[in-house]
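Here are my comments on the model you sent, set out as numbered points. They begin with one working term and then move from single residues to the protein overall.

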Amino acid sequence: YLANGSRTDRTTAEPVVTMSGNVTVKGQVFIRGDEAGSDRGQTALRVRGRLHLEDGAQLAAYGGAGKVLLNAKGGNAIELEEGSKIDGKGKVIAIGGDVLWGDGGNAISGKGNIETAEAFLQGANASKLRNSNPGKAIAREVKVTSFRQHIADGAQSEAIGADDPLLKLYWRTGIDPTPAMDLYQTQEVKPQDPEEEDPNPKKPGPEMPETEDQKKPGADDSGR
């Protein structure tokens, strides 16, 4: 974290990659944010525009961890600027940055759409002992319409660090040259059918004529 002998912290939460305009992904692309050196892990990817995944393409983004400093927050995996989207016949994977005592990282944040064939979105777990906030699968206003999905928020857990039950989902770049893509399983999501109209709707009955008692003055003033 030191550069040229300076004690200034040069780490940043700004994204590893920022894409603008129309970009197409072919094959496999893996992006991992850096570990938090101060407050929050680094965001892996920011999208400004349209990111299109070709048929069979796989994009995996991992928010930077918050584990060097005990209370650091996990980074976001993907941030969508307003009106942006990720679409196509490929698969997007977003895993929020894992932590020790800080708040867990989010998988997807921002305002936009995910319209891919598959989407695996997982928020990070957080410490139950410290009452930290788990990461969200979807933070803010992101609409997901992928045909196959795994969308899960993180949870408060007493098992953190090396005991984190989500640990196997993270790409350990110093150990594995590529992520284990077979871990990111999704399930088919059936589109919601529009509400069918009742073929025999109930018709309002005819108004009943007033009785002689109701016609009398003061008949409606029963509470007086």
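1. In what follows, contact means that heavy atoms lie within 4.5 Å. On that reading, and leaving out residues up to four places away in sequence, Thr43 touches Ala13, Glu14, Pro15, Val16, Gly33, Asn76, Ala77 and Glu79. Please keep in mind throughout that this is a predicted model.

2. Thr43 sits in the loop between strand E2 (28–32) and strand E3 (45–53). Is this loop residue buried or exposed? Its relative accessibility is 2%, and because buried means under 20% relative accessible area, Thr43 counts as buried. Its side chain is also joined to that of Glu79 by a polar contact of 3.0 Å, and Glu79 is one of the residues that Thr43 touches.

3. Asn106 is likewise placed in a loop, here the one between strand E5 (78–95) and strand E6 (108–122). With a relative accessibility of 16%, Asn106 counts as buried, since the limit for that class is under 20%. Which backbone atom does the side chain of Asn106 reach? The partner is the backbone nitrogen of Lys136, at 2.7 Å. When neighbours within four places in sequence are left aside, the contacts of Asn106 are Gly75, Asn76, Ala77, Gly96, Gly135, Lys136 and Ala139. Asn76 and Ala77 appear in this list, and they are also among the residues touched by Thr43.

4. Strand E11 covers residues 187–188 and contains Gln187 as well as Glu188. Gln187 has a relative accessible area of 61% and is therefore exposed, given that the class begins over 50%. Glu188, for which the relative accessibility is 61%, counts as exposed too.

5. What do the two residues of strand E11 touch, once residues up to four places away in sequence are not counted? For Gln187 the list is Phe147, Arg148 and Gln149, while for Glu188 it is Phe147 and Arg148. The C-alpha separations add to this picture: Gln187 and Arg148 are 39 residues apart along the chain, yet their C-alpha atoms are separated by 5.0 Å, and Glu188 and Phe147, 41 residues apart along the chain, have C-alpha atoms separated by 5.9 Å.

6. On internal space, rolling a probe the size of a water molecule over the atoms shows where empty space is left. A search of the whole structure returns one cavity of 30 Å³ or more, and the largest cavity holds about 40 Å³. Its lining consists of Arg32, Tyr62, Gly63, Ala65, Asp98, Tyr170, Trp171 and Arg172. Sorted by class, the lining of this cavity has four nonpolar, one polar and three charged residues.

7. For the overall architecture, the protein has one helix and eleven strands. Read from the N terminus on, the order of elements is β-β-β-β-β-β-β-β-β-β-β-α, which places the helix after the strands.

8. Some totals complete the description. Of the 224 residues in the protein, 41% are buried. Among contacts with a separation of 6 or more, 79% are accounted for by residues 24 or more positions apart. The protein exposes about 13500 Å², of which carbon and sulfur atoms supply 46%.

Definitions and conventions:
Residues are numbered from 1 along each chain as its sequence is written. This is a predicted model: local features need pLDDT of at least 70, side-chain atom pairs count only at pLDDT 80 or more; totals for chains, interfaces and linings use all residues. Side-chain values use heavy atoms; hydrogens and water are left out. On a 1 Å grid over the protein atoms alone, a cavity is a set of points where a 1.4 Å probe fits but cannot get out, and a pocket is an open set with protein on both sides within 12 Å along at least five of seven lines; lining residues have an atom within 4 Å of a point. Grid points are joined across faces, edges and corners, and a volume is the space filled by probe spheres set on the points. Ala, Val, Leu, Ile, Met, Phe, Trp, Tyr, Cys and Pro count as nonpolar, Asp, Glu, Lys and Arg as charged, and the others, Gly among them, as polar. Helices (H or I, at least four residues) and strands (E, at least two) are DSSP runs, numbered from the N terminus. Buried means under 20% relative accessible area, exposed over 50%, partly exposed in between (1.4 Å probe, protein chains only). Accessible areas come from the Shrake-Rupley method with a 1.4 Å probe; for residues, only the protein chains shown count as cover. A polar contact is a pair of N or O atoms within 3.5 Å; within protein, one must be able to donate a hydrogen and the other to accept it, and residues adjacent in sequence count only if both atoms are side-chain atoms.
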